[in-house]
Amino acid sequence: MIIMKRLLKNFFYGFLTIGLVLSFGHFAQAASKSVIKLGCAISFTGGESRTGKLYRDSYDMAVEQINKNGGVKVGNQTYQLKIVYYDDESDPTKSSKFVEKLIAEDKVNFLLGPYSSGITIPDSLVAQRYKVPMIEGGGASGKIFSRGNKYIFGTLPPAGQYFKSTLEMLKTFNPVPKTIAILYSDDKFDISVAEGTEKLAKEMGFDVALYEKYAERATDFSSILTKIKALNTDVVLVAGHTEESLNFTQQAKELNVNPKLISMTVGPSEADFRKSLGKDAEYIFGVASWSTQMNFKGYLFKDTQEFVKEFKAKYNYDPDYHNASGIADVAVFKDAIERAGSLNKEKVRAAIASTKLDTIYGTVEFSENGQIKGTSVALQILGGEIYQVYPNGAKKPVYPFPSWKTRK
Amino acid sequence: MLLQILVNGILMGGLYALMAIGMSLIWGVMNIINIAHGSFIMLGAFTTYWLFAILGMDPFVSLAFSIALLFALGYGVQRYLINYVIRASAFITLILAFGIEIFINNAALVSWTADIRKVQVAYGAANFSLGNYVTIPTIRVVAFLLVIVISIAFFYILNRTNLGRSIRATSQDLDAARLVGVDVAKTYAITFGLGVGAAGAAGTLWSILFPISPIMGGELTLKSFVVVIIGGLGSMLGPIIGGLALGITEAFGTNWFGSTYGNLISFTILVLVLIIRPKGILGGAD
């Protein structure tokens with residue numbers, strides 16, 4: 001034990017020295033080449049690391065694009081952007097500690113958000129305490145924006161509205177489906193989605209036959225699926241994570257459960273989901289605040305299609321709404337800093353609040369509470385690709401699903 | 001519907017038993033609580049995944065490879081790592097196993113990233129129906145049969161072969177075993193290899209049924225642990241009884257109380273078993 005302690009101590013001093021040397025180098029660099037530092041504690045490892053990477057890729061690409069095209073102009077001076085990252089290991093407590101470190105030790109100018117609502121909440125509170133504006137693209141739970149926190153801005157639409165377009169789409173089908181099962185993972189974002197969806201569904205006259213929560217990262221859905229089969233609900237809406245969506249779909253087939261429609265918040269829009277399930281992913285619906293089939297005039301990139309092309313060339317996968325949201329976060333910072341004409345945190349905060357910016361993600365405008373205005377669209381997997389099917393989709397939605405047994 | 005829930009529970013129980021049987025063997029014979037067990041299952045799953053992704057090998061063919069590979073790995077880990085601390089208190093082996101777990105998980109994270117992967121075989125979700133009431137997923141039935149085969153094989157090895165006699169001898173009286181010429185280090189290594197090999201088999205089956213990722217091991221270790229405790233040590237029937245008890249109670253419990261309570265239910269059973277039958281349902285040796 002004593003040896004361990006000594007070893008740790010040596011390591012500690014070693015790192016301290018290295019850290020000091022590095023940070024001096026840092027300051028020297030900062031002085032010669034004006035840099036605006038954005039701090040970001042995000043998941044490199046752990047349960048959220050897959051989606052965390054989507055945000056990192058986008059943040060990096062946006063920063064690269066800005067620096068390549070002349071940086072950020074504040075008055076007469078131009079600045080380069082630089083992101084300081086820490087790996088929060090998908091742990092909310094660690095994440096908020098790193099945000100504190102970013103502000104207090106790394107002296108970052110502004111903050112970029114982490115991924116997932118559960119981690120964004122504590123992080124946003126740190127941002128508020130130190131009065132440093134944070135723009136985040138990965139947390140949509142109402143709980144982030146209901147605290148009167150003036151320093152948090154989010155570019156994912158309100159969780160409770162996620163399934164709104166899907167429910168509206170259901171009304172256009174003939175016959176209109178009657179019963180709905182709402183399943184949701186036990187985490188803050190999905191709870192917000194489910195609560196909002198239940199309310200909307202009831203208002204629109206649907207019968208919510210099953211409303212059930214399951215444990216986060218659940219692998220076995222046989223008990224829920226057995227219930228759905230017994231209730232024979234027309235529609236199944238799932239608010240969960242990729243892994244759960246994969247399990248749910250495969251097990252629906254294993255147990256031969258055939259609702260007329262399945263829609264999932266996370267999963268269908270990701271290329272991995274379709275690759276992993278192959279043909280079984282066919283006809284599954286998804287929701288997204290954005291899809292690659294949209295086309296908006298961009299701020300950092302010419303337009304959405306141009307961005308999609310460049311992104312694919314750079315990272316070798318299709319961007320989804322997480323990526324687009326991440327790009328918008330950095331774009332909003334550049335625009336707000338330039339309009340504020342200063343690096344003063346209060347002035348930039350005010351500029352962010354009055355943002356009205358065309359980006360490849362759509363027009364970014366924030367509500368009073370800091371969350372983006374806008375809603376989401378319904379997608380469906382058809383022929384191995386994901387298409388926007390409502391409203392004004394590229395393709396018509398296929399409803400009802402062919403049952404598992406009748407599929408080729 | 002009740003019948004379907006019962007079937008779900010039994011089949012899940014089979015999968016739990018398959019996961020736990022290797023852990024039970026190692027624990028029962030060597031008194032090592034292999035915290036890294038779930039990570040070995042993960043390695044088995046990835047062996048199958050890579051053989052499938054690169055060579056297009058069918059998971060039921062690669063089953064042999066993942067058992068063999070994990071056996072060799074287990075043998076090596078015991079022989080060249082755990083063997084050095086096996087005389088120390090159980091606490092030290094626990095810490096070492098914990099270290100091995102951290103190492104394996106992070107090595108896997110670094111080399112394969114945290115991406116969720118899936119072995120995409122046509123029969124992954126195959127099923128058959130009994131009447132109009134019950135749908136039975138085929139692969140889970142296979143998993144169930146596999147655990148029975150493995151437990152019979154372990155039973156045979158332990159009770160009918162020279163190797164088994166050496167294994168039992170070392171676990172009963174180490175000095176006596178040594179006196180009659182048992183190579184203790186080798187015997188331990190083979191036992192550990194067998195246990196880890198069984199984890200490899202569980203990994204292969206798991207990879208057909210569920211998506212896999214390098215960090216999946218922790219929860220599997222936990223479930224295996226509960227199964228071993230519930231079933232009791234010292235018998236090859238233990239994990240099967242434990243697995244079934246857990247699977248069936250979970251199936252009915254989540255149906256009645258809601259799906260969020262799956263883990264609560266498993267640990268409640270664990271506590272109840274520890275209070276009422278501290279040596280497990282079968283009440284084996286300590």
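## Questions about a predicted two-chain model

Q: Why does Leu220(B) count as buried in this predicted model?
A: The cut-off for a buried residue is 20 or more other C-beta atoms within 10 Å. Leu220(B) passes that mark and therefore counts as buried, its number of C-beta neighbours inside 10 Å being 25.

Q: Which residues is Leu220(B) in contact with, leaving aside its neighbours within four places in sequence?
A: Let's place the residue before looking around it. Leu220(B) sits in helix α9 of chain B, which covers residues 217-231. Once neighbours within four places in sequence are set aside, its contacts are Met19(B), Gly38(B) and Ile41(B).

Q: What distance separates the C-alpha atoms of Leu220(B) and Tyr261(B)?
A: Along the chain, these two residues are 41 residues apart. In space, the separation of their C-alpha atoms is 17 Å.

Q: Where does α1(B) bend?
A: Helix α1 of chain B takes in residues 2-30, and its end-to-end C-alpha reach of 41 Å is close to the 42 Å expected at 1.5 Å a residue. The helix is mostly covered, with 25 of its 29 residues buried. Just after α1(B), Asn31(B) has a positive phi of about 60°. The bend within the helix is about 35°, and it falls at Ala20(B).

Q: Which residue takes a positive phi in the hairpin of β1(B) and β2(B)?
A: Strand β1 (residues 127-130) of chain B runs antiparallel to β2(B), and 4 bridges join them. One bridge pairs Ser129(B) with Thr135(B) in β2(B). Between the strands lie 3 residues, and the one with a positive phi near 60° is Gly131(B).

Q: Which residues of β2(B) point to one face and are buried?
A: Side chains alternate along this strand, residues 134-137 of chain B. Val134(B) and Ile136(B) point to one face and are not buried. Pointing to the other face, and buried, are Thr135(B) and Pro137(B).

Q: What radius of gyration does chain A have, and why does it agree with a compact globule?
A: Chain A has 13 helices and 15 strands, and its C-alpha trace spans about 65 × 60 × 40 Å along the principal axes. Buried residues make up 52% of the chain. Because a compact globule with 408 residues would have a radius of gyration near 22 Å, the value for chain A agrees: 22 Å.

Q: Which are the edge strands of the open sheet of 6 strands in chain A?
A: The order across this sheet is β2-β3-β1-β4-β5-β6, with mixed pairing. Two of its strands pair on one side only, and these edge strands are β2 (72-74) and β6 (152-154) of chain A.

Q: Which residue stands opposite Ile135(A) in β6(A)?
A: Strand β5 (residues 134-136) of chain A runs parallel to β6(A), joined by 3 bridges. Across this pairing, the residue opposite Ile135(A) is Phe153(A).

Q: At what angle does helix α3 of chain A run to β1(A)?
A: Helix α3 covers residues 92-104 and lies across β1 (35-42), β3 (77-87) and β4 (110-112) of chain A. Its angle to β1(A) is about 165°.

Q: Which element gives the largest share of the side of chain A that touches chain B?
A: The contact involves 33 residues of chain A and 29 residues of chain B. Elements giving two or more residues to this side of chain A include α2 (49-68), β8 (207-214) and α9 (242-254). The largest share, 7 residues, comes from α9(A).

Note on methods. Residues are numbered from 1 along each chain as its sequence is written. Chains are lettered from A and ligands numbered from 1 in the order in which they are written. This is a predicted model: local features need pLDDT of at least 70, side-chain atom pairs count only at pLDDT 80 or more; totals for chains, interfaces and linings use all residues. The radius of gyration is taken over C-alpha atoms; the globule rule is 2.2 Å times the number of residues to the power 0.38. A residue is buried if 20 or more other C-beta atoms lie within 10 Å of its own, exposed if 12 or fewer, and partly exposed in between; C-beta atoms are placed from the backbone. The expected span of a helix is 1.5 Å times one less than its number of residues. The bend at a residue is the angle between axes fitted to the seven residues ending there and the seven starting there. Two strands pair if DSSP finds at least two bridges between them. Two residues are in contact if their C-beta atoms, placed from the backbone, lie within 7 Å. Axes are lines fitted to C-alpha atoms, for helices over the stretch in contact, and angles run from 0 to 180 degrees between N-to-C directions.
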